[in-house]
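I set out here my notes from going through a structure at the desk. The entries follow the order in which I looked things up.

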Amino acid sequence: MPADSPLLLVLELVGIFVFALSGGLVAVRKHLDIFGVLVLAGTTGLGGGFLRDVLIDATPPTALADWRYLLVPVAAGLTTFRFHPTLGRMERLVNIFDAAGLGLFCVTGALKALDHGLGPVPAALMGMVTGIGGGMARDLLAGRVPVVFSSELYATPALAGAAWAVLAQRQGWDVWVVALPGVAVCFGWRVLAIMRNWRAPVPSGPASV
Amino acid sequence: MPADSPLLLVLELVGIFVFALSGGLVAVRKHLDIFGVLVLAGTTGLGGGFLRDVLIDATPPTALADWRYLLVPVAAGLTTFRFHPTLGRMERLVNIFDAAGLGLFCVTGALKALDHGLGPVPAALMGMVTGIGGGMARDLLAGRVPVVFSSELYATPALAGAAWAVLAQRQGWDVWVVALPGVAVCFGWRVLAIMRNWRAPVPSGPASV
Amino acid sequence: MPADSPLLLVLELVGIFVFALSGGLVAVRKHLDIFGVLVLAGTTGLGGGFLRDVLIDATPPTALADWRYLLVPVAAGLTTFRFHPTLGRMERLVNIFDAAGLGLFCVTGALKALDHGLGPVPAALMGMVTGIGGGMARDLLAGRVPVVFSSELYATPALAGAAWAVLAQRQGWDVWVVALPGVAVCFGWRVLAIMRNWRAPVPSGPASV
């Protein structure tokens with residue numbers, strides 16, 4: 001699956017679209033205007049990739065070199081603006097798609113970082129950043145503590161998927177063996193976390209102030 | 001109007017100064033100390049350009065290569081620190097200058113992005129980012145949802161001015177025909193929005209939670 | 001003291017560890033889960049250097065090229081997660097170490113910026129950014145106004161130490177004469193500020209609204 005395969009492009013655009021929907025929904029709930037909806041949609045869909053590209057020196061980011069990457073979050077933002085009551089009721093379905101986007105982004109992000117010469121540990125970290133960065137930027141702009149810090153298990157599946165991709169890629173395995181299990185691990189773990197309401201451990205004992 | 005024209009430099013520094021004043025005023029209202037006033041002034045004046053330069057790979061940003069770009073927000077911060085009651089009463093005037101800064105930044109930002117090889121759509125987006133990025137960073141640091149999301153019409157005029165600049169530049173038109181109408185569209189639209197209290201549309205219907 | 005001296009590496013890692021502890025403590029007090037603790041630890045320990053490296057075009061940042069830089073904040077995060085009640089009671093000691101980290105980072109940050117061709121004023125500013133950037137990112141992610149804006153004197157000592165390093169380096173003085181007084185000025189000033197509760201001046205008069 002080379003980086004310019006049409007399938008990969010479509011999958012990436014779908015991932016961006018679904019991430020952008022979640023950004024638009026947050027904006028609607030914060031009573032932002034249409035511009036806020038569009039910016040939160042764009043930030044959530046593209047923010048993780050931007051952050052990765054700036055850190056690994058792959059600027060300008062792909063999304064600034066290919067207009068399709070910009071069109072997709074605009075479409076998602078307008079969809080949210082118009083149909084947010086329906087989308088809000090379908091939140092579970094949106095979350096499943098979001099898990100698919102997370103699985104895809106953590107793998108493609110890690111592989112891109114390896115491509116740019118990063119070592120295995122930083123590359124896996126960059127894969128996780130690609131998956132969770134957009135949602136963190138969304139929450140910062142919307143004035144809330146990132147949900148990835150205190151909600152359902154979200155980042156660990158992304159790190160696991162990215163780690164698989166890095167390890168398999170360094171074995172020189174076929175690209176499908178690199179990508180598919182990585183996406184599947186992240187997606188499956190995340191969906192189980194949603195369904196069973198798994199959460200990450202919290203510190204024990206009272207916090208000293 | 002080449003990028004190193006003295007007129008353009010003066011206009012840019014004036015724009016930075018006025019943006020920085022607005023950052024300083026927010027800091028004063030948040031009861032920050034003098035350091036907070038200076039940092040919010042600097043972030044607001046320079047943040048949009050920093051963000052653009054990092055994304056289009058024009059680092060280090062101009063402001064780090066030319067001390068005058070750093071001196072101006074310091075001067076604006078100290079001015080705010082000392083004279084904030086007067087400035088606060090002149091807020092309408094400050095807003096008019098801010099509109100001028102917005103008009104200038106959206107055009108120069110878009111042209112710089114074109115110069116660095118971006119396509120027309122991303123270049124117009126980078127122009128808007130140059131105009132609104134500083135204010136967004138200011139609001140993040142001050143712990144409030146960016147006013148650009150939910151207040152008067154602000155980003156759309158910047159995008160319109162940037163779009164004009166991109167289109168005219170690609171026609172190969174004279175630099176004044178590229179720059180002046182772009183600045184004028186953004187400035188005029190923004191001033192009308194202030195005067196008539198125009199706002200962007202908000203989503204209709206209740207937000208599902 | 002060349003950039004790859006073992007002593008400097010150890011000092012940097014200690015500085016990152018202590019900064020990361022402060023990030024972990026904030027996460028515990030915000031009731032974040034273990035992932036939040038690790039991310040705030042990593043952001044606080046590495047954020048200032050990341051911000052500097054992105055701005056001066058030294059990407060990918062050192063921390064992404066050397067796994068020890070990533071291991072240290074993970075260790076600090078796990079330490080905080082497990083021992084936060086003890087660490088919370090030792091806060092004064094943590095603050096003293098934090099002052100040492102600040103002193104070290106402002107000097108190394110300024111020297112790295114000079115190395116990458118920045119002028120003296122921007123280089124001193126980048127030194128300060130290296131020292132305070134991680135704590136600012138920590139506070140943004142934790143949803144509070146950066147304490148550096150409104151708490152004890154913090155940024156001025158960092159700027160002073162960075163300024164010394166820049167001036168001495170440009171005189172061509174020996175590396176110890178460049179580094180040690182810079183670290184000492186920042187550390188000493190900061191420790192005095194903690195002990196005597198020095199604060200930066202705040203704007204006088206009521207803020208107009």
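The entries below cover the record, the copies, one interface, the cysteines and the salt bridges.

**Entry 1. Model and record.** I noted at the outset that this is a predicted model. I then turned to the UniProt record for chain A, an unreviewed entry, which places the feature "domain: Glycine transporter" at residues 10-84 and 96-169. I checked the backbone over residues 10-84 of chain A and found 85% helix and 0% strand. The end C-alpha atoms of that stretch are 24 Å apart.

**Entry 2. Relation of the copies.** I asked what rotation superposes chain A on chain B. A rotation of 120° does so, with 0.0 Å of shift along its axis and an RMSD of 0.0 Å. The two copies are therefore related as by a three-fold rotation axis. I also compared the surfaces that they use: these are different, and 11% of the contact residues of chain A recur in chain B.

**Entry 3. Interface of chain C and chain A.** I looked up the contacts and found 28 residues of chain C in contact with 30 residues of chain A. The two chains bury about 2400 Å² between them. Of this area, 73% lies on carbon and sulfur atoms. I then searched the same pair of chains for salt bridges, and the count was 0.

**Entry 4. Cysteines.** I searched all chains for disulfides and recorded 0. Why is there no bond at A:C106? The closest cysteine sulfur to that of A:C106 belongs to A:C186 and is 4.0 Å away, which is too far for a bond; the cut-off for a disulfide is 2.5 Å. A:C106 is buried, with a relative accessible area of 0%. I repeated the check in chain C, starting from C:C186. Its sulfur has that of C:C106 as the closest cysteine sulfur, at 4.0 Å, and this too is too far for a bond. C:C186 is likewise buried, at a relative accessible area of 0%.

**Entry 5. Salt bridges in chain B.** I reminded myself that side chains of opposite charge can pair when their charged atoms come close. Over all chains I counted 15 salt bridges. One that I examined joins B:R52 to B:D53, with the closest N and O atoms 3.0 Å apart. Are these partners buried or exposed? B:R52 counts as buried at 8% relative accessibility, and B:D53 is buried at 2%. I next took B:R144, which forms a salt bridge with B:D139, the closest N and O atoms being 2.9 Å apart. Here B:R144 is partly exposed, with a relative accessible area of 31%, whereas B:D139 is buried, at 1%.

**Entry 6. Salt bridges in chains C and A.** In chain C, I located a salt bridge between the side chains of C:K112 and C:D53, at 3.2 Å from N to O. The pair links distant parts of the chain, 59 residues apart. C:K112 sits in helix α4 (residues 91-115) of chain C, and C:D53 in helix α2 (residues 34-55) of chain C. Both C:K112 and C:D53 are buried. Lastly I asked which residues of chain A are linked in a network of salt bridges. I recorded A:R52, A:D53 and A:K112 as linked in this way.

Conventions: Residues are numbered from 1 along each chain as its sequence is written. Chains are lettered from A and ligands numbered from 1 in the order in which they are written. This is a predicted model: local features need pLDDT of at least 70, side-chain atom pairs count only at pLDDT 80 or more; totals for chains, interfaces and linings use all residues. Side-chain values use heavy atoms; hydrogens and water are left out. Buried means under 20% relative accessible area, exposed over 50%, partly exposed in between (1.4 Å probe, protein chains only). Copies are superposed by least squares on the C-alpha atoms of residues with pLDDT of at least 70 in both. Contact means heavy atoms within 4.5 Å. UniProt positions are given in the numbering used here, feature names are shortened, and annotations may be inferred rather than shown by experiment. Helices (H or I, at least four residues) and strands (E, at least two) are DSSP runs, numbered from the N terminus. Buried area is the accessible area (1.4 Å probe) that two parts lose on being put together, summed over both. A salt bridge is a side-chain nitrogen of Lys or Arg within 4 Å of a carboxyl oxygen of Asp or Glu.
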